[in-house]
Every structure is written in C-alpha cells, then in structure tokens.
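Ready for a few exercises on reading a protein structure? Take a look at the sequence and the 3D view, try each task yourself, and then check the worked solution.

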Amino acid sequence: MTSGISRRARVLAAAVGTGVLVPLVAAATPAAAATAAVTCTSAKAGLAAKLQKDITAALATRKGTVAVGLYDRSTNTNCTLRASSAYDSASVVKVTVLATLLWDAKKHNRYLTDREATFAKAMITKSDNAATSTLWKQLGMTKIKGFLAAAGMTQTKPGANGYWGLTQITVTDEQKLLKLVTAKNAVLSDNSRAYILKLMGQVVSSQRWGTPYGVPSGVTVAVKNGWLQRSTYGWRVHSVGAFKGGGHDYMMTVLTHGNSTMNYGIATIQAVAKVIHRDLAAS
C-alpha cells in the first residue's frame, strides 16, 4: 500500500497512528460552515423542539464543521444538520467494509472464512488498519460499489487507490447504513446484522468515546469511531452509534472536521450525544 508514496507521506501516515494511511494531497473541500441549522421532526409532542434547541446550544460555542443525524424508531424522531455534506470517512468506513463483506458472502451463499472473521473482528473492535486494507483489497471496487448501490448509499464515494479512509461519507448515508444494521431488510441477513452489532458492541474501551457518551444505563451500545489528521481542515473526528433500550431504538451519526486536536473533536461529538441521550430518555 505504500508503494509509490513519498517518504513524507509515509511519515505523515505513521503520525496519524490508528487513523489511516493517507497521501499528502488536498482534501475534499468541506461545505461552507455558515448558515446551517439543526432541523428536527417527531411524532412525540415537544420532543423535536427540545432536541433542536439543545443540539443547537451544544454546538453554539464549538469550532469546526459538524454534521449530525439522529433517528429514533420508537418516536419517529429525525434530526439533521448538514446531512449531505461530505467528509473524509477515516475509520467509520470500516462498518461499510464489514457490511459489504457480509452482503457479498450472502450472495454466494457462504459463511465468512476464519481468516475473514479474524480480520473483521480486528477491523471493528480495534480499528485495525492492516486488516481493513486486506479486506478492502479483497472485495475490490466493484463489490464495494455494488453494496453501496444495494444499500441506497448514493452519496458515498469510495476512496481511490486503496485509500479507504478518504472515502467520502455523509450523515444521510451513514444513517441509512445504521438503519439497515438495526432492522430487518433485504440487503443484510438477520445473522449479518447481528454480527455487525455484536462487533460494534465489543469495541475496545479506549475507542468507546463519542456517540455513546451519556447513554442511560440499560441501553445497549454499538459504536464505531474514526479519526484522522490531515494538512488541511485539521482533525476529522467522527462517531456512529446504535442504541436500544429504555423505550427507544435510535441511531446517531456525528461527523466533524476543522478540529484543532482529536480531543477537541471528541468533546464536540460528546456534547451533542449527551443532550440527545438525555432528551430521548426524558421523552
């Protein structure tokens, strides 16, 4: 994967650590940060207005560009902010890689091999980059694009030349993926969905920050985070999560870039997550 990449790019990639190997090229230009508003709808009286107010307040003093998606099946609640803005995926794309692997295996009426299962577990639970690169290469662009089409993830653009962490993602598509993972559908089998949720529920403790922050006790958590520093637009820090319990069944996506540090991005995501969990628990 490093062939043809300059020494400087390799040094940058090493510095990124558990982000992903990236070339030193200009990043995708982010959508303008100005004039974007949180919009919410809900079947539960008063909930949409409360969430809209609290998410907006949580982001009021935060720098960077933030996109948010929330969907709760139990109250038919939706919230969005910059839902179609594109972000470098970093490691959240690993859920898409696993879903593609399982979708393709189902098409060929086979189980994952022991080797594939070992890579899949490392990829999700520890955010292992080498395992991800192996599976990405094995699948190839045709299968990855095939899954995205089947899933209706029309805004997701796979990273070129093996750079899976530069896949362009949006809140809209990440929420579509989380909906597929958390309810019966024709794209992913019930066993595949259970497997994805199981691995997302086994993420190592040091990577369980982000959308699970402030989750009420008794609510199950499935999470995958991503983080990546580049020479333009600072740190990308993202978190996708699925939560069930306490009378709710909800998915949350928070994508950020323009963060000065990784921890700054985490704090922004957690400020949003905290109010969402609180408002849903109180509804």
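**Exercise 1.** Keep in mind that this is a predicted model. Decide whether A37 counts as buried or exposed, and work out where A37 is found.

*Solution.*
- Step 1: Let's start with the accessibility. A37 has a relative accessibility of 56%. The cut-off for exposed is over 50%, so A37 counts as exposed.
- Step 2: Now find its place along the chain. A37 is in the loop between α1 (7–16) and β1 (39–41).
- Step 3: Check the contacts. If you skip residues up to four places away in sequence, A37 touches T80 and L81.
- Step 4: Finish with a distance. I55 is 18 residues apart from A37 along the chain, and their C-alpha atoms are separated by 9.9 Å.

**Exercise 2.** Do the same for T156: is it buried or exposed, and which side chain does it join in a polar contact?

*Solution.*
- Step 1: T156 also belongs to a loop, the one between α5 (129–151) and β5 (168–169).
- Step 2: The relative accessible area of T156 is 7%. Buried means under 20%, so T156 is buried.
- Step 3: Look for its polar partner. The side chains of T156 and D173 are joined by a polar contact of 2.8 Å.
- Step 4: Leave out neighbours within four places in sequence, and the contacts of T156 are L148, T167, Q168, I169 and D173.

**Exercise 3.** Trace the six-stranded sheet and say which strands stand at its edges.

*Solution.*
- Step 1: Write down the order: β1-β3-β2-β8-β7-β6, an open sheet with antiparallel pairing.
- Step 2: Pick out the ends. β1 and β6 each have a single partner strand, so one side of each is left without a neighbour in the sheet.
- Step 3: Check the angle between neighbours. On average, neighbouring strands of this sheet are turned by 5 degrees against each other, direction ignored.

**Exercise 4.** Zoom in on β6: how many of its residues are buried, and how does β6 pair with β7?

*Solution.*
- Step 1: Eight of the 10 residues of β6 (residues 220–229) are buried, so this strand is largely enclosed by the rest of the structure.
- Step 2: Its pairing with β7 (residues 235–245) is antiparallel and covers 10 bridges. For instance, V221 has F243 as its bridge partner, and L228 stands opposite R236.
- Step 3: Look at the turn. Five residues lie between the two strands of this hairpin, and Y233 in the turn has a positive phi of about 60 degrees.
- Step 4: Add a helix. α8 (residues 262–281) lies across β2, β6, β7 and β8, and runs at about 155 degrees to β8.

Conventions: Residues numbered from 1 in each chain as written. Predicted model: local features only at pLDDT ≥ 70, side-chain atom pairs only at ≥ 80, totals over all residues. Heavy atoms only, no water. Helix = DSSP H or I, 4+ residues; strand = E, 2+ residues; numbered from the N terminus. Buried < 20%, exposed > 50% of the residue type's maximum accessible area, 1.4 Å probe, protein only. Contact = heavy atoms within 4.5 Å. Pairing = 2+ DSSP bridges. Polar contact = N/O pair within 3.5 Å; in protein donor to acceptor, adjacent residues only side chain to side chain. Axes fitted to C-alpha atoms, helices over the stretch in contact; angles between N-to-C directions.
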